[in-house]
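Me: I am new to this structure. Please take a close look at one part of it, the salt bridges, and then show me what surrounds them.

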Amino acid sequence: MGFPITRHRRLRGTAGIRGMVRETILNTLDFIQPIFVTYGAGVKNEISSMPGVYHFSLDTLKAEVDEIAALGIPAVLLFGIPETKDAVGSSAFAEDGIVQEATRLIKKWYPELLVVADTCLCEFTDHGHCGMVHTHTVDGVVHGDVINDASLDLLTRTAVSQARAGADIIAPSNMMDGFVHAIRAGLDENGFEHVPIMSYSVKYASAFYGPFREAADSAPQFGNRKTYQMDPANLREAIREADSDVLEGADMLMVKPALAYLDVIRTIRDQFDLPLVAYNVSGEYSMVKAAALQGWIDEKAVVLEMLTGMKRAGADIIITYFAKDAARWLRG
């Protein structure tokens with residue numbers, strides 16, 4: 001055989017060599033663990049479409065938070081399921097709302113654990129949309145339009161109430177135009193100029209959210225969210241969305257979902273220098289869990305490979321329901 005010959009396998013021969021030259025390192029500090037909090041007492045109910053993920057009432061929450069903190073996971077993302085819902089989602093911005101109360105408890109138990117508050121209305125509205133709606137009925141079928149600008153005030157009130165309760169990071173997921181500017185102004189006016197915004201900048205109208213609808217009890221009662229969440233076919237639009245959020249004062253950007261949008265993550269990483277979050281969403285979680293429960297895949301290997309791929313694509317932070325499992329596996 002002629003010289004030179006390139007032998008790439010020299011750097012793959014042992015685990016020590018592979019580890020030394022590894023380009024992408026997955027770390028527990030990369031993860032945010034979502035938590036679903038609900039009203040009631042003694043509640044720890046597994047979500048049927050998301051094995052291993054639960055609804056917690058406030059009195060059962062501490063054991064979950066204890067486990068997360070013990071594993072070294074640095075942050076949780078709170079979603080709330082309220083006792084009552086109405087047309088404007090008033091429970092979202094109530095001072096004694098479920099997310100606000102959970103935030104106070106977690107910050108009391110673990111002051112250093114970061115609490116990220118999801119800032120949206122869909123879990124709290126009786127129609128299941130992420131903003132105020134104008135509805136009308138045609139031939140017995142309810143139709144509606146989400147009212148953008150009127151929704152911004154409610155979202156800002158929600159963000160301010162979450163910050164007042166002690167949330168470290170506000171994470172608005174509503175995809176209303178101008179939401180980052182409105183929330184930034186509201187936080188600053190109320191003395192929370194130090195609280196960063198983790199914007200759901202690039203959020204697609206995705207079929208991968210299916211299990212979350214059960215988890216958050218947030219399915220739209222009419223229509224869909226395609227008039228405000230992005231078309232999955234669009235990439236250039238993602239740059240425009242992220243650029244708007246940067247100009248409006250976002251501190252972190254997010255791409256959601258992650259697995260089918262790794263090209264989008266890479267594009268946003270290359271275009272912007274803010275910290276980038278990837279959301280490994282419910283459908284991505286449930287597909288892996290279902291296949292693992294059937295014995296068709298090696299869950300640990302697949303999950304770590306999947307999360308590594310998200311980080312390799314450019315994510316600095318990964319929101320994932322696998323955070324606890326991945327933290328254990330990374331410990332060896």
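Reply: A salt bridge here is a side-chain nitrogen of Lys or Arg within 4 Å of a carboxyl oxygen of Asp or Glu. Side chains of opposite charge can pair when their charged atoms come close. The model is predicted, so local features need pLDDT of at least 70 and side-chain atom pairs pLDDT 80 or more, while totals for chains, interfaces and linings use all residues. Residues count from 1 along each chain as its sequence is written, and side-chain values use heavy atoms, without hydrogens or water.

How many salt bridges does a search of the whole structure find? The search finds 15.

Start with a pair inside one helix. Glutamate 101 and arginine 104 form a salt bridge, and their closest N and O atoms are 3.2 Å apart. Both residues sit in helix H3, which covers residues 98-109. (Helices, H or I with at least four residues, and strands, E with at least two, are DSSP runs numbered from the N terminus.) Three places separate the two residues in sequence, so about one helical turn lies between them. Are these partners buried or exposed? Neither word fits. Arginine 104 is partly exposed because its relative accessible area is 33%. Glutamate 101 is partly exposed too, at 28%. (Buried means under 20% relative accessible area, exposed over 50%, and partly exposed in between, with a 1.4 Å probe and protein chains only.)

Helix H5 holds another pair. Arginine 184 and aspartate 188 meet there in a salt bridge, with N and O 3.0 Å apart. Helix H5 runs over residues 179-189. The partners are four residues apart, so about one helical turn separates them. Their burial is not alike. Aspartate 188 reaches 36% relative accessibility, so it is partly exposed. Arginine 184 has 12%, so it is buried.

Now go to helix H11, residues 323-331. Aspartate 325 bridges to arginine 328, the closest N and O atoms lying 3.1 Å apart. Both residues belong to helix H11, three places apart, or about one turn. Arginine 328 is partly exposed because its relative accessibility is 35%.

This pair does not stand alone. Aspartate 325 and arginine 328 belong to a network of linked salt bridges. The other members are Glu64, Glu67, Lys289, Glu299 and Lys324.

Take Lys289 from that network. Lysine 289 lies in helix H9, residues 282-293. Its relative accessibility is 12%, so lysine 289 is buried. Which residues does lysine 289 touch, not counting residues up to four places away in sequence? They are Pro51, Glu299, Phe322 and Asp325. (Contact means heavy atoms within 4.5 Å.) Glu299 and Asp325 are touched by lysine 289, and both are members of the network.

Helix H9 leads to annotated positions. UniProt, in an unreviewed entry, lists Ser282 and Tyr321 under "binding site". They spread over 40 residues of sequence but cluster in space, with a largest C-alpha distance of 7.4 Å. (UniProt positions follow the numbering used here, feature names are shortened, and annotations may be inferred rather than shown by experiment.) Serine 282 sits in helix H9, the helix that also holds lysine 289. Serine 282 is buried because its relative accessibility is 1%. Tyrosine 321 lies in the loop between strand E12 (317-320) and helix H11. At 5%, tyrosine 321 is buried as well. Helix H11 is where aspartate 325 and arginine 328 lie.

A further annotated site completes the tour. UniProt, again in an unreviewed entry, places "active site" at Lys203 and Lys256. They span 54 residues in sequence, yet their C-alpha atoms are no more than 4.8 Å apart, so they gather at one spot. Lysine 203 lies in strand E9, residues 198-203. Lysine 256 lies in strand E10, residues 252-256. Lysine 203 is buried, at 6%. Lysine 256 is buried too, at 7%. Leaving aside neighbours within four places in sequence, lysine 203 is in contact with Ser173, Met175, Tyr209, Gln229, Met230 and Lys256. With neighbours up to four places away left out, the contacts of lysine 256 include Lys203, Tyr209 and Tyr279.
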